[in-house]
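Me: I should like to examine the reasoning behind the structural labels used for this model. Please set each value against its criterion before concluding.

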Amino acid sequence: LGTGLVRWAAANPEMAQVEVVSAPGCGFLLGGERRTGDTIAPIEGCDRWIDEFVYPTVEQAAPDVVISMVSSWDIIDRRWDTEDLLTPVDPDYSSRLDRDYEQLVTDVFERGATRFAFIRHPIQDVYWLPTADAQEDPARHDVLYGVYDRLAVDSERVDVVALDEWFTERGLDRSEEARPDGIHLTPEAAETISDEFLGEALVR
């Protein structure tokens, strides 16, 4: 999606400039161990990525809008102080989401951002396999969407952009052309989304 926004901004320099900061395999939920495939392991390299990459970029750019989009990494099975793996519908997991995301927004504002927008991601279908995957469970995604909504209610400077709804309206949920692996957008699809919907929504 970041690729599409960069392309859109390059084509519309009078409207926006865009910089992308990302860390593969990382979200904004901190600590613990999580299930990845058949392994349960600590999340190496992720707890510092916000401090090392996100915040310095915000301080340097003083952006009008910081946007955030996460899908799998903050909804898959995870554990902190228990032997059992938890899911976002478990109270301890969901309370940690609330805390870490609230801290993210607070820290971004303290470093010079004007507004914050959470993007409601389309639910993925991992590799379009017929077997169900935990990442595809709407209940897990609803917990994360709920975090966004609560933060938007608490602050006039926080918004939620319903990319998931636009995605469905355009009939893209089952489009293998737009998401060949069922998760990631092609650069072309990302640019179309940015040009037809997301760029203008973020400017507004």
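Reply: The model is a predicted one. A suitable starting point is a single bridge: A117 has D159 as its bridge partner in β6.

Me: What makes β5 and β6 a pair of strands?

Reply: Two strands pair if at least two bridges are found between them. Four bridges join β5 to β6, so the criterion is met. The two strands run parallel.

Me: How do you know that β3 pairs with β5?

Reply: The threshold is again at least two bridges, and four bridges join β3 to β5, which also run parallel. One of the partners is known by name: I67 has A117 as its bridge partner in β5. A117 thus also appears here, having D159 as its partner in β6.

Me: Why are β3 and β6 called edge strands?

Reply: The open sheet has three strands in the order β3-β5-β6, with parallel pairing. β3 and β6 each pair on one side only, and are the edge strands. Neighbouring strands of this sheet are turned by 25° against each other on average, with direction ignored.

Me: What makes β5 mostly covered?

Reply: Buried means under 20% relative accessible area, and four of the five residues of β5 are buried. Helix α4 lies across β5 and β6, and runs at about 140° to β6.

Me: How do you know which strands are at the edges of the sheet with antiparallel pairing?

Reply: That open sheet has three strands in the order β2-β1-β4. Its edge strands are β2 (39-42) and β4 (78-79), each of which pairs on one side only. Strand β1 (residues 33-36) and β2 pair in the antiparallel sense over four bridges, where at least two are required. Within this pairing, R35 has I40 as its bridge partner in β2.

Me: Why is T57 called buried?

Reply: The limit for buried is under 20% relative accessible area. T57 has 19% relative accessibility and therefore counts as buried. T57 is found in helix α2. Leaving aside residues up to four places away in sequence, T57 touches E19 and V21.

Me: Why is V108 called buried?

Reply: V108 has 0% relative accessibility, so this residue counts as buried. V108 lies in helix α3 and touches Y55, V58, V66, A113 and F116, not counting residues up to four places away in sequence. By contrast with these contacts, the C-alpha atoms of V108 and R7 are separated by 24 Å, the two residues being 101 apart along the chain.

Me: How do you know that the spans of α2 and α3 are close to the expected values?

Reply: The expectation rests on 1.5 Å a residue. Helix α2 (residues 49-61) has 13 residues and reaches 17 Å from its first C-alpha to its last, close to the expected 18 Å. Helix α3 has 20 residues and reaches 28 Å, close to the 28 Å expected. After α2 comes A62, whose phi is positive, near 45°. Just after α3, G112 takes a positive phi of about 115°.

Me: Which elements pack against the buried residues of each helix?

Reply: In α2, the buried residues are W49, I50, V54, Y55, T57 and V58. They pack against β3 (65-68) and α3 (91-110). The buried residues of α3 include Y93, L97, Y101, L104 and V108. What covers the buried residues of α3 includes α2, β3, β4, β5 (115-119), α4 (138-154) and β6 (158-161).

Me: Why are α2 and α3 called oblique to each other?

Reply: Two packed helices are described by the angle between their axes and the distance between the axes. Here the angle is about 40° and the axes are 9 Å apart. Angles under 35 degrees count as roughly parallel, and 65 to 115 as roughly perpendicular. The value for α2 and α3 falls in neither range, and the two helices are therefore oblique to each other.

Me: What makes up the contact between α2 and α3, by residue and by class?

Reply: I50, Y55 and V58 of α2 meet Q103, L104, D107 and V108 of α3. By class, this contact has five nonpolar, one polar and one charged residues.

How values were computed
Residues numbered from 1 in each chain as written. Predicted model: local features only at pLDDT ≥ 70, side-chain atom pairs only at ≥ 80, totals over all residues. Heavy atoms only, no water. Expected span 1.5 Å × (residues − 1). Buried < 20%, exposed > 50% of the residue type's maximum accessible area, 1.4 Å probe, protein only. Contact = heavy atoms within 4.5 Å. Axes fitted to C-alpha atoms, helices over the stretch in contact; angles between N-to-C directions. Parallel < 35°, antiparallel > 145°, perpendicular 65-115°, else oblique. Nonpolar A, V, L, I, M, F, W, Y, C, P; charged D, E, K, R; others polar.
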